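Here are a few exercises to work through with the model open beside you. Try each one before reading on.

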Amino acid sequence: MLYKELQPADMYMIRLPYSFSDYDRQLLTLFYQPLIGAEGISLYLTLWADGELKSEEQWQHYQLMNVLGVSVGKIFQARIALEAIGLLRTWQKTENETRIFYYELAAPLDAESFLKDPLLSMFLLNKIGEKAYKRLRSRFIQSPNWNEGFKDVSRTFMDVFKPSTKSGQAVPYNDAYESKSRNSSLPFYFEEFDFALLQDGLSEQLVPKSALTIEAKEVIAKLAFLYNLSPIEMQKVVILALDDDLHLSDARLKKACADYYKLTVSKKAPIIQNITKTKKSVNENKKPLTKEEELIHYLESTAPVTVLKDIANGKEPILADVQLANHLVSHYNMPIGVVNVLLQYVLLRTDMKLTKNYAEKIASHWMRKDVKTAKEAMELARNEHQQYLKWKNEGSKQKSYTKKPTREEKVPDWFYKKDGETKQSGDTTNNIQNIDEERKKLLAELGVIKR
């Protein structure tokens with residue numbers, strides 16, 4: 001049901017709340033790319049490049065498909081990965097029956113904040129391994145003793161500047177001039193964790209409420225999520241993490257939780273999984289796809305340019321065919337799967353000639369029928385086959401009234417799929433030959449022709 005979430009014809013705008021630097025690019029490549037994959041980072045960098053124009057221009061998602069060379073489904077998966085990791089926020093509205101998305105890019109966390117975060121640091125450790133993780137840490141985090149033996153002689157602002165007795169010009173305050181601060185941690189909504197249950201098992205004398213600061217609560221919720229521990233189990237972690245002054249520091253909470261996990265659950269570190277990929281693999285293991293389901297998946301997830309290339313046995317499609325496919329997506333707002341079915345049907349019905357008028361006439365019919373999926377388009381093509389054949393003949397300029405041998409009409413393989421059975425085009429040829437033989441036999445018996 002991807003068409004409900006995102007379509008190639010949907011528009012989008014970009015907002016960069018602050019400037020990005022080469023340091024941000026390094027963080028994206030080395031810290032974030034192992035977590036969300038190359039497609040997610042490619043989408044981020046593409047939005048970054050377009051967003052630097054600082055314009056309110058709107059683009060179609062079809063442009064992103066062409067730039068990145070991936071399907072709209074891959075773009076959607078990359079987008080939600082960026083949202084989950086805290087690099088993107090998305091807003092949506094509908095205007096004149098057109099969906100518009102507003103993408104706001106967020107800066108990556110600095111190396112120190114990233115490595116201090118229990119979720120992100122453990123996620124990265126699982127992805128790249130301990131050796132690469134330590135190398136990355138030593139590259140971006142300076143040694144704590146780097147300034148040993150040196151004295152800080154830096155001047156402060158008050159040492160250098162002083163207020164003047166002369167009155168200067170008043171600067172008008174405007175909210176638009178405010179600079180949005182960068183994130184200092186991974187956005188994590190920890191209200192779902194049951195802190196009431198956690199505090200019920202902790203006495204005020206043992207763990208005062210003042211120790212459970214907002215910062216401590218966020219770390220506790222992240223650790224409980226990472227290690228999959230209940231509030232009752234986290235009570236023991238909190239007790240182990242208390243220092244002599246009854247305070248809870250991030251470092252002590254992380255160490256106490258890791259020790260408790262090793263003693264009670266497993267000595268191996270926990271693994272964070274992508275929930276969408278997990279659901280997909282579970283569904284795939286339930287039941288193998290049929291031939292038609294595989295075809296529908298191909299049509300729904302493949303760019304029209306690739307389908308044109310596949311139909312031509314790997315040859316690059318001509319520019320006019322590509323432009324027509326783009327026109328069907330952008331001008332008619334047709335879903336990718338529907339466009340692919342239309343391309344297949346028209347090409348094979350017109351002897352591999354993609355006739356624009358014929359294709360647009362069928363496209364208009366499918367729009368009026370509100371066809372949304374490849375499966376619906378295939379069914380409609382089967383049901384309306386005779387009508388489409390009349391349209392094709394009406395559009396032909398040259399008509400011959402002399403009787404010619406009947407030529408087999410080509411149609412896509414899926415055309416003969418009915419009631420769960422697939423008929424091959426070869427079967428149709430055999431049927432036509434059998435009918436022709438029977439006709440000749442009957443004419444010979446009547447004496448019309450000689451045997």
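Two strands count as paired if DSSP finds at least two bridges between them. Keep in mind that this is a predicted model.

**Exercise 1. Work out how strand 1 pairs, and in which sense with each partner.**

Step 1: Find strand 1, residues 11-15, and look at strand 4, residues 98-105. These two run parallel, with five bridges between them. To get your bearings, start from Tyr12, whose bridge partner in strand 4 is Phe101.

Step 2: Now turn to strand 2, which is just residues 59-60. Its pairing with strand 1 is antiparallel and rests on two bridges, so the pair meets the cut-off of at least two. Here Met11 sits opposite Gln60.

Step 3: Check the cover. Four of the five residues in strand 1 are buried, so under 20% of their relative area is accessible.

**Exercise 2. Which buried residues does helix 14 have, and how are they arranged around its axis?**

Step 1: Go through residues 291-301 and pick out the buried ones: Glu292, Ile296 and Leu299.

Step 2: Look down the axis. The three cover an arc of only 65°, which puts them on the same side of helix 14. The spacing rule helps here: an α-helix has 3.6 residues a turn, so residues three or four places apart point the same way.

Step 3: Ask what lies over them. The cover includes helix 17 and helix 19, the latter being residues 374-383.

**Exercise 3. Map the largest nonpolar core and see what surrounds Trp366.**

Step 1: Size it up. This core has 81 residues, and those with the most contacts inside it are Phe31, Tyr32, Phe114, Met334, Ile362 and Trp366.

Step 2: Find the main contributor. Helix 17, residues 336-349, gives the most, with nine residues.

Step 3: Zoom in on Trp366. Leaving out residues up to four places away in sequence, Trp366 touches Met334, Val338, Val341, Leu342, Val371, Ala377, Leu380, Ala381 and Tyr388.

Step 4: Look for a core apart from this one. There is another, of 30 residues, and Leu119, Leu212, Ala221 and Ala258 are among them.

**Exercise 4. Put together an overall profile of the protein: secondary structure, burial, contacts and surface.**

Step 1: Count the elements, which gives 21 helices and four strands.

Step 2: Take burial next: 37% of the 451 residues count as buried.

Step 3: Consider contacts between residues at least 6 apart in sequence; 71% of these join residues at least 24 apart.

Step 4: Finish at the surface. The protein exposes about 29500 Å², with carbon and sulfur atoms supplying 51% of that area.

How values were computed
Residues are numbered from 1 along each chain as its sequence is written. This is a predicted model: local features need pLDDT of at least 70, side-chain atom pairs count only at pLDDT 80 or more; totals for chains, interfaces and linings use all residues. Side-chain values use heavy atoms; hydrogens and water are left out. A nonpolar core is a set of buried Ala, Val, Leu, Ile, Met, Phe, Trp, Tyr and Cys residues joined through side-chain atoms within 4.5 Å. Buried means under 20% relative accessible area, exposed over 50%, partly exposed in between (1.4 Å probe, protein chains only). Contact means heavy atoms within 4.5 Å. The arc is that of the directions from the helix axis to the C-beta atoms. Accessible areas come from the Shrake-Rupley method with a 1.4 Å probe; for residues, only the protein chains shown count as cover.
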